Amino acid sequence: MTNPWLELEGDALPVDSFVGPFPDAVFLQTWWKNLGAGEPIVAGDSSTFVPLVAQTGEVRFAGAADVTDYHSVRGDDFDGIAQALIELRRINKSVVLDSLPQNSADGLTTALRRLGATVECAQEDPGTAVLEIEADYLDGLSKKQRHELRRKHRRFVETVGDAGVVVSTGPDPLARFVELHRMSAGDKGDFFDANREQFFSELSTSPDWEFAELRTEKEVAATFFGYRASDAYYLYNSAFNPTFREASPGIVGLYLLIEQLVSSGCRRVDLLKGDETYKFRMGAVVRPLFTVRID
């Protein structure tokens, strides 16, 4: 099926800063090919648009919320987008736009209400978790947070051995990442069906996506899959070897990865959606996201 929103990449930039790869055509095309369903449609034109999918009478963003951390209006003609969304609502039971940062949410809500639409804008729980880092990552943490990270790192070295983070791409780190994921307990261990595995495989061959592995002398203790942009690093997913659970390989690996990113000049690490405690113990703060709904 033809995807009209893939033809509108143009020069229309997201109105929200720091949204990573998620509003871009490469990400959305990969999602659509492997996980998408419904009828792809677009609200707007090449100057301002949002990519959408209609399914069972409901219109939502292209890029499902469980694998897409940010959406954003591309371009700044909010009135034009609002009018297009109102027209879509007339032939559908609802229009639901999730995972919107503040600028898109405020702009859409204001324009829709100005045009007479009945609209709800609700803050999502959770939002995303973001680390703003100065020249030294540990300097930005509380004394307690610094002590805890150093203690976990020291304990890992004492119980498992020395380890470092190695960044790589290709099928081998992908295979190790999927294997560690499947070793996890509960829903995480069941995450990778055939379609999701292909989705991650194709993302991993796209520009700027990479794996970072916490490697001991003999094996991989944890692995991280992320997107390295000029403005930030976006940590998309991670897994660790449960053999080393008591040594906190996920925390230690993330700590060493952040240190490595900072040394390369990165000053923003986005841990993306989720309210897991470890994110905030590592100094992250919540970036609110919103859902705009037209009924």
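Analyst: Let's start with pairing: two strands count as paired if DSSP finds at least two bridges between them. The model we are reading is predicted.

User: How many bridges join β2 to β3, and in which sense do they run?

Analyst: Strand β2 (residues 49-55) and strand β3 (residues 58-61) run antiparallel and are joined by 4 bridges. To see one partnership, look at Leu52, whose bridge partner in β3 is Phe61.

User: In what order do the strands of that open sheet come?

Analyst: Its 6 strands follow the order β1-β2-β3-β4-β13-β5, and their pairing is mixed. At the edges stand β1 (39-44) and β5 (119-123); each has a single partner strand, so one side of each is left without a neighbour in the sheet. From one strand to the next, the twist averages 25°.

User: What does helix α2 touch on this sheet?

Analyst: Helix α2 (residues 78-90) packs on the sheet, touching β1, β2, β3, β4 (94-100) and β13 (290-294). The direction of α2 makes about 140° with that of β1.

User: Which strands are at the edges of the open sheet of 7 strands?

Analyst: The order there is β7-β8-β9-β10-β11-β6-β12, again with mixed pairing. The edge strands are β7 (164-168) and β12 (285-287), each pairing on one side only. Here the twist averages 35° from one strand to the next.

User: How does β7 pair with β8?

Analyst: β7 and strand β8 (residues 209-215) pair in the antiparallel sense over 5 bridges. Gly164, for example, has Arg215 in β8 as its bridge partner. Helix α7 (residues 194-204) lies across β8, β9 (220-228) and β10 (233-240), and runs at about 135° to β10.

Key. Residues are numbered from 1 along each chain as its sequence is written. This is a predicted model: local features need pLDDT of at least 70, side-chain atom pairs count only at pLDDT 80 or more; totals for chains, interfaces and linings use all residues. Side-chain values use heavy atoms; hydrogens and water are left out. Helices (H or I, at least four residues) and strands (E, at least two) are DSSP runs, numbered from the N terminus. Axes are lines fitted to C-alpha atoms, for helices over the stretch in contact, and angles run from 0 to 180 degrees between N-to-C directions. Contact means heavy atoms within 4.5 Å.
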